[in-house]
Amino acid sequence: MSQLRPMIIGLTGGIGSGKTTVCQMFAKRGVEIIDADQIGRTLVAPGSIALQQLIALLGQDLLTADGSLQRQRLRQLIFSDPHARHQAEAILHPLIRSAILEKINESASSWLILAAPLLLESKSYDFADRILVVDTDETLQIERTRERDHCSEDEVHRIMQIQLPRTERVARATDLIHNNGDLANLDRQVAEYFERYEKLAHARQYTTPGL
Ligand code: ADP
């Protein structure tokens, strides 16, 4: 027998586009959020099998003295070495995908947001019912990221290079939020999508074989 499951809204966008802010705006309306990055961080906790596999592949110097992952160093390695990035992704993405599916199967919500920066780049998220893209002008994206992370324009560019070009991402969106205005403007758009998703989720029943 098929089992009811939530409608899944995959949320993505380039670095600094406003994904986290949009998630917070949905969360304050009571929407369940599954955050792929957060799941990834939990999976590589000290002593975890995923962390051991990463270290075996990429080297002991990714660990701090207390056995936790040096994220900054992993980030540098990944941006300078595409092969290392593919190896790390081959370990982490399937684990993240299983953890997400488990959460979806346990969820009692009629719909939820699955936030993943690489939603469209990775093949792990093909089960999303809709793709909500947060789109922001590049200059604003860079400005907001630099302010948030205190990093150089170069670093932001490097991250943008491993993400899909903006136009391709937007072309694959079923739903689009423009985050070029102020936060009140962003919140109004979130409110509209909230109403729309409430209606959509109740108009149709989603069952697990779709996963
Ligand atoms: P992402 O999660 O996509 O990387 P964030 O939601 O963290 O992006 O947004 C990047 C930065 O820009 C954050 O510091 C956030 O507070 C800020 N920000 C996002 N949207 C707006 C906006 N409309 N106006 C002003 N600042 C914003």
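This report describes the pockets of a predicted model and the surroundings of its ligand.

## The largest pocket

The largest pocket encloses about 1,600 Å³ of space. Its lining comprises 48 residues, and those nearest the centre are Asp37, Arg41, Arg75, Pro117 and Gln163. Two or more lining residues come from each of α1 (19-27), β3 (32-35), α2 (36-43), α4 (71-80), α5 (82-106), α6 (138-149), α7 (153-162) and α9 (183-203). By class, the lining of the largest pocket holds 22 nonpolar, 13 polar and 13 charged residues.

## The ligand and its shell

The ligand occupies the largest pocket. Around the ligand stand 14 residues, of which Lys19, Thr20, Thr21, Arg148 and Asn179 are the closest. This shell contains two nonpolar, eight polar and four charged residues. Both α1 and α6 contribute at least two residues to the shell, and α1 gives the most, with three.

Oxygen atoms of the ligand have polar partners in the protein. A polar side-chain atom of Thr21 is 2.6 Å from a ligand oxygen, and one of Lys19 is 2.8 Å from a ligand oxygen. At Gly16 the partner is a backbone N or O atom, 2.9 Å from an oxygen atom of the ligand. The ligand alone would expose 560 Å², and the protein buries 77% of that area.

## The second largest pocket

The second largest pocket has a volume of about 180 Å³. It is lined by 14 residues, with Leu4, Arg5, Pro6, Ser109 and Ser110 closest to its centre. The elements β1 (4-5) and α9 each give two or more residues to this lining. Its classes are five nonpolar, seven polar and two charged residues.

Technical notes: Residues numbered from 1 in each chain as written. Predicted model: local features only at pLDDT ≥ 70, side-chain atom pairs only at ≥ 80, totals over all residues. Heavy atoms only, no water. 1 Å grid on protein atoms, 1.4 Å probe; cavity = no way out; pocket = protein on both sides within 12 Å on 5 of 7 lines; lining within 4 Å. Points joined across faces, edges and corners; volume = space filled by probe spheres on them. Helix = DSSP H or I, 4+ residues; strand = E, 2+ residues; numbered from the N terminus. Nonpolar A, V, L, I, M, F, W, Y, C, P; charged D, E, K, R; others polar. Near = heavy atom within 4 Å. Polar contact = N/O pair within 3.5 Å; in protein donor to acceptor, adjacent residues only side chain to side chain. Areas by Shrake-Rupley, 256 points an atom, 1.4 Å probe, with all protein chains shown as cover. Sits in = over half its atoms within 2 Å of the grid points.
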